[in-house]
Amino acid sequence: LSFMPRSHLTYVHTSSECPARFLGVVLLLWASYLQLAACAFCFSCLTRHPSAAMIGTLMLYLISIIMGSVLSVPMFDLFRDIKPFLPTQPMGVWRLLFDAEIPWGKVARQLAQMGALSAVFLVLSLLVTDRKDVTA
């Protein structure tokens, strides 16, 4: 049994498919946390203090969550094009595994978006670290 509060739908899944769905959810949550870790690593390379890296990462994701919620309001239609590029948008991909029929195309697209953003954070970290090593 899975209840989706945003869509107000309840699905009853068979006992044979539940373990696979939950394993998929765990793996997708792991990918979401890897994206968050890549962002934190990038901020730790950009700053000198660990607290600044933590605060920067949390602020980026908090602002992204707030903007994602605000941009759902019809009054902000002008900025709706920004919403797909917010880092928190693909992180909810795990919810799709509880749908009656899993939209694999959407899951793959959002997983690729998380991977690309993680790669950008890691490459930026590498470039900043190399520059710091040369100038130090």
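How many salt bridges does a search of the whole structure find? Just one turns up, and it gets its own view below. This is a predicted model, where local features need pLDDT of at least 70, side-chain atom pairs count only at pLDDT 80 or more, and totals for chains, interfaces and linings use all residues. Residues are numbered from 1 along each chain as its sequence is written, and side-chain values use heavy atoms, leaving out hydrogens and water.

**View 1. The protein chain has three helices and two strands.** Read along the sequence, the pattern is β-β-α-α-α; helices (H or I, at least four residues) and strands (E, at least two) are DSSP runs, numbered from the N terminus. Of the 136 residues, 31% count as buried, meaning under 20% relative accessible area, with exposed over 50% and partly exposed in between (1.4 Å probe, protein chains only).

**View 2. Glu17 and Arg21 pair up through their side chains in a salt bridge.** The N to O distance is 3.8 Å; the term calls for a side-chain nitrogen of Lys or Arg within 4 Å of a carboxyl oxygen of Asp or Glu. Glu17 counts as partly exposed because its relative accessibility is 29%, while Arg21, at 9%, counts as buried.

**View 3. Ser64 sits in helix H2.** With a relative accessible area of 2%, Ser64 is buried. Leaving aside residues up to four places away in sequence, Ser64 touches Leu86, Pro87 and Thr88, where contact means heavy atoms within 4.5 Å.
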